[in-house]
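Reader: Could you take me through one part of this model in some detail? I'd like to look at the charged side chains and how they fit with the rest of the fold.

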Amino acid sequence: MDGISAVVPPQAVAALPVRSARSGVLAYLLLMAVQLFGSDFIVWKGLPAFRELVLAPGQQPTNMPYDEDLILPILLLVQAAYWYRLLRVAIPFKSRRPVLSHLFLFLGRLNFIFGSTLFSIVLFRHLPELGSDTDLVLMARRGVLMVISLFALFCFTLELERLGDALGGKRQE
């Protein structure tokens with residue numbers, strides 16, 4: 001200990017927790033921003049596709065209004081941010097704020113409504129109507145993207161609920 005205190009001034013040692021706490025907050029906010037961006041992207045790009053499925057049940061849309069080349073990297077980025085945050089970055093907020101807690105819990109539930117609705121439309125309304133002229137490869141590719149998107153929305157929902165619980169007094173990592 002004496003060797004360390006001779007090299008590092010006590011003022012610098014005292015400042016370390018503050019600096020790491022700030023970097024923890026910044027890391028958490030950055031990871032949350034990535035997840036929020038991805039969730040918004042999924043919903044924003046998915047709404048026209050959802051509308052297409054509702055208006056034309058049983059018909060396989062040939063031109064979906066989202067870019068399949070862009071959505072997969074965004075989904076992978078969202079998942080990387082989620083898992084990194086879950087495994088490496090603690091939720092930095094410890095104060096009890098019931099209004100913010102309820103707001104984040106509400107947003108978490110609201111976030112998954114779109115995914116649940118899309119899944120319900122596809123599974124219970126759209127799939128039974130598809131005919132023999134259905135392109136199975138295209139359907140499988142879009143189905144995999146839908147499942148990955150739903151999982152990303154689910155993970156972000158859990159993240160919002162963890163934040164809401166932390167702000168409500170229940171500490172969850």
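Author: Happy to. Arg162 and Glu159 are both buried, and the two form a salt bridge whose closest N and O atoms are 3.6 Å apart. They sit three residues apart in helix H5, so about one helical turn separates them. Please keep in mind that this is a predicted model.

Glu159 has a second partner. Its side chain also meets that of Arg85 in a salt bridge, at 2.6 Å from N to O. Here the link runs between helices: Glu159 belongs to helix H5 (residues 136–167) and Arg85 to helix H3 (residues 68–88), so this pair ties together parts that are 74 residues apart in sequence. How buried are the two ends? Glu159 has a relative accessibility of 0%, which puts it among the buried residues, and Arg85 is buried with a relative accessible area of 0%. Through shared partners, the salt bridges join Arg85, Glu159 and Arg162 into one network.

The structure holds three salt bridges, and one of them pairs Glu161 with Arg109, at 3.1 Å from N to O. Glu161 is in helix H5 and Arg109 in helix H4 (residues 98–126), so this contact ties together parts that lie 52 residues apart in sequence. Arg109 is exposed, with a relative accessible area of 59%.

Helix H4 also leads us to the surface. Phe106 lies in this helix, and together with Leu100, Leu103, Leu107, Leu110 and Ile113 it makes a nonpolar surface patch of about 500 Å². For the protein as a whole, about 10,900 Å² is exposed, and carbon and sulfur atoms supply 68% of that.

Back in helix H5, there is an aromatic contact to look at as well. The count of aromatic pairs comes to six. One of them is Phe37 with Phe41, a tilted pair with 6.2 Å between centres and 35 degrees between the planes. These two are four residues apart in helix H2 (residues 10–55), so about one helical turn lies between them. Phe37 is partly exposed at 47% relative accessibility, whereas Phe41 is buried at 7%. In helix H5, Phe151 and Phe154 form a tilted pair, again with 6.2 Å centre to centre and 35 degrees between the planes. They are three residues apart, about one helical turn. Phe151 is partly exposed with a relative accessible area of 38%, and Phe154 is partly exposed with 38%. On the H2 side, Phe37 and Phe41 join Trp44 in one aromatic cluster.

Now for the wider setting. The secondary structure comes to five helices and zero strands. Of the 173 residues, 34% count as buried. Among contacts between residues at least 6 apart in sequence, 91% join residues at least 24 apart.

How far can you trust the coordinates? The average pLDDT is 79, and 75% of the residues score at least 70. Among the elements, helix H3, which carries Arg85, has the highest mean pLDDT, 92, while helix H1 (residues 2–7) has the lowest, 49. Over residues 15–19 pLDDT stays under 50, and the model has zero contacts there beyond four places in sequence. Where pLDDT is low, the predicted coordinates should not be read in detail.

Technical notes. Residues are numbered from 1 along each chain as its sequence is written. This is a predicted model: local features need pLDDT of at least 70, side-chain atom pairs count only at pLDDT 80 or more; totals for chains, interfaces and linings use all residues. Side-chain values use heavy atoms; hydrogens and water are left out. A salt bridge is a side-chain nitrogen of Lys or Arg within 4 Å of a carboxyl oxygen of Asp or Glu. Buried means under 20% relative accessible area, exposed over 50%, partly exposed in between (1.4 Å probe, protein chains only). pLDDT is the predictor's confidence in each residue, from 0 to 100. Contact means heavy atoms within 4.5 Å. Accessible areas come from the Shrake-Rupley method with a 1.4 Å probe; for residues, only the protein chains shown count as cover. Patches are made of residues with over 30% relative accessible area and no salt bridge: like charges are joined within 9 Å, nonpolar side chains (Val, Leu, Ile, Met, Phe, Trp, Tyr) within 5 Å. Rings of Phe, Tyr and Trp (its six-membered ring) pair if their centres lie within 6.5 Å; planes under 30 degrees apart count as stacked, over 60 as edge-to-face and the rest as tilted.
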